[in-house]
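Trainee: I would like a close look at one part of this model. Please take a single strand and its partners, and then place them in the rest of the fold.

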Amino acid sequence: MITVSLSYPLSDELLHQWGRSQVTAIGQFDGLHLGHTSVIRKAVELAREQKVPVSVMTFHPHPKEVMKKGDYEGYLTPLVDKQDILADMGVDVLYILRFDEDFSKVSPEAFITDILLPLQIQTAVVGFDFRFGYRGAGHEHTLRELGGERMSVHTVPPFELDGEKVSSSSIRHALQTGDLTHASRWLGRSYHIRGTVMDGEKRGRTIGFPTANLKLDDTYVIPVKGVYAVRALVGERWKSGVMNVGVKPTFHEGVLNPSFEVHLFDFDQQIYGEPVLVELHHYIRPERKFSSVDELITQIGNDAQTAKKLLG
């Protein structure tokens with residue numbers, strides 16, 4: 001998959017290079033959950049039928065981040081994660097259209113006539129609730145009307161599980177309430193974060209549970225504070241473990257920003273500066289303050305045993 005960065009207005013050079021008949025799925029796609037992947041799979045299917053490349057057009061940064069509106073609290077799928085997932089789905093080209101305050105004022109008409117049609121998108125595939133252009137005034141009917149004979153439009157209906165529409169907002173809420181069962185089911189995979197191992201307080205070694213302290217690589221949606229059963233990709237190996245997300249109230253007061261500390265089972269390598277991907281599989285318990293270090297040590301041991309059972 002090739003990733004192409006776009007900014008409005010598109011340059012003649014870029015249009016000369018990338019303007020071609022193609023089927024394009026358009027949307028924010030944060031989470032790339034089952035609803036989003038149903039849109040993209042339809043685009044892949046149509047592109048194969050029409051014998052043209054399939055592309056995805058998304059926007060970065062997230063419009064809610066730029067406009068400071070709504071319930072934006074980070075990404076479910078930062079760009080690096082989005083790229084990996086889309087490449088595995090068979091997408092040929094990923095267009096990342098820069099979203100800034102100026103672009104937020106581009107009209108729906110200009111979005112179509114200045115971007116979609118010059119790129120020669122012959123079929124646009126969107127979700128049922130797709131909105132675009134200034135103040136979200138554009139929708140699927142706008143695409144059909146202004147695309148005319150030059151661009152057809154395919155709208156994918158809502159994706160439902162057990163009668164409930166899968167949405168990014170529902171997944172965010174599930175993560176922030178510890179409901180990993182629904183979050184994973186709606187995502188179609190375990191939620192994960194990526195980070196780099198950095199120096200921490202090294203307290204874990206003194207109590208028999210050494211941890212890797214992660215500095216996250218991007219602004220992820222932070223799950224509820226607590227202890228999780230996890231699997232971590234270190235180098236090329238997957239290891240099971242427990243992760244604490246929180247402020248370590250037994251040792252600190254007044255800390256606001258959570259830390260991410262992973263204890264890996266049967267692992268004793270030095271991995272400072274190494275990248276680690278952590279999948280969250282089960283929420284074990286909320287974070288709490290212990291009356292003594294010994295009580296904390298006992299609980300961590302119990303958490304580790306619980307995680308081993310949950311992870312099999």
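**Strand 12 and its surroundings**

Mentor: Gly 241 stands opposite Leu 264 in strand 13. The model is a predicted one. Gly 241 falls within strand 12, residues 237-246, and six bridges join strand 12 to strand 13, the two running antiparallel. Strand 13 spans residues 259-264.

Strand 12 also pairs with strand 11, again antiparallel, through nine bridges. One of the pairs there is Ala 229 of strand 11, residues 226-234, whose bridge partner in strand 12 is Val 242. Strands 11 and 12 form a hairpin with two residues between the strands, and in this hairpin Gly 235 takes a positive phi near 65°. As a general point, strands of a sheet pair through backbone hydrogen bonds, either parallel or antiparallel.

How much of strand 12 is covered? Eight of its 10 residues are buried, so the strand is mostly covered, with buried meaning under 20% relative accessible area. Strand 12 is among the elements that each supply at least two residues to the largest nonpolar core. Strands 11 and 13 are also on that list, as are strand 9 (191-198), strand 10 (212-216) and strand 14 (275-286), together with helix 7 (168-175) and helix 8 (180-187). The core has 32 residues, and Met 243 is one of those with the most contacts inside it, along with Leu 175, Tyr 191, Ile 193, Val 276 and Val 278. In soluble globular proteins, nonpolar side chains tend to be buried together.

Tyr 191 shows what such a residue touches. Leaving aside residues up to four places away in sequence, its contacts include Leu 175 and Val 278. Tyr 75, Leu 76, Ser 184, Tyr 220, Val 221, Glu 279 and Leu 280 are also touched by Tyr 191.

A second, separate core has 30 residues, including Ile 26, Phe 99, Leu 117 and Ala 124. Elsewhere in the chain, six strands form an open sheet with parallel pairing, in the order 1-4-3-2-5-6. Its edges are strand 1 (2-6) and strand 6 (152-156), each pairing on one side only. From one strand to the next, the twist averages 25°. Within this sheet, strand 3 (residues 54-60) and strand 4 (residues 93-98) run parallel and are joined by six bridges; Met 57 has Tyr 95 of strand 4 as its bridge partner.

Helix 4 (residues 79-88) lies across strands 1, 3 and 4, at about 155° to strand 4. Helix 6 (residues 140-147) packs on the sheet as well, touching strand 5 (121-127) and strand 6, and its direction makes about 165° with that of strand 6.

Met 89 sits in the loop between helix 4 and strand 4. Why does Met 89 count as buried? Its relative accessibility is 17%, and the cut-off for buried is under 20%. Apart from residues up to four places away in sequence, Met 89 touches Thr 37, Ile 40, Arg 41 and Val 44. Met 89 is 88 residues from Met 1 in sequence, yet their C-alpha atoms are 9.8 Å apart.

That leaves the open space. The largest pocket holds about 1,200 Å³ and is lined by 47 residues, with Gln 28, His 62, Pro 63, Asp 129 and Arg 131 nearest its centre. Helix 2 (34-50), helix 3 (63-67) and helix 7 each give two or more residues to the lining, and helix 2 has the largest share, four residues.

Conventions: Residues numbered from 1 in each chain as written. Predicted model: local features only at pLDDT ≥ 70, side-chain atom pairs only at ≥ 80, totals over all residues. Heavy atoms only, no water. Pairing = 2+ DSSP bridges. Axes fitted to C-alpha atoms, helices over the stretch in contact; angles between N-to-C directions. Contact = heavy atoms within 4.5 Å. Core = buried A, V, L, I, M, F, W, Y, C linked by side-chain atoms within 4.5 Å. Buried < 20%, exposed > 50% of the residue type's maximum accessible area, 1.4 Å probe, protein only. 1 Å grid on protein atoms, 1.4 Å probe; cavity = no way out; pocket = protein on both sides within 12 Å on 5 of 7 lines; lining within 4 Å. Points joined across faces, edges and corners; volume = space filled by probe spheres on them.
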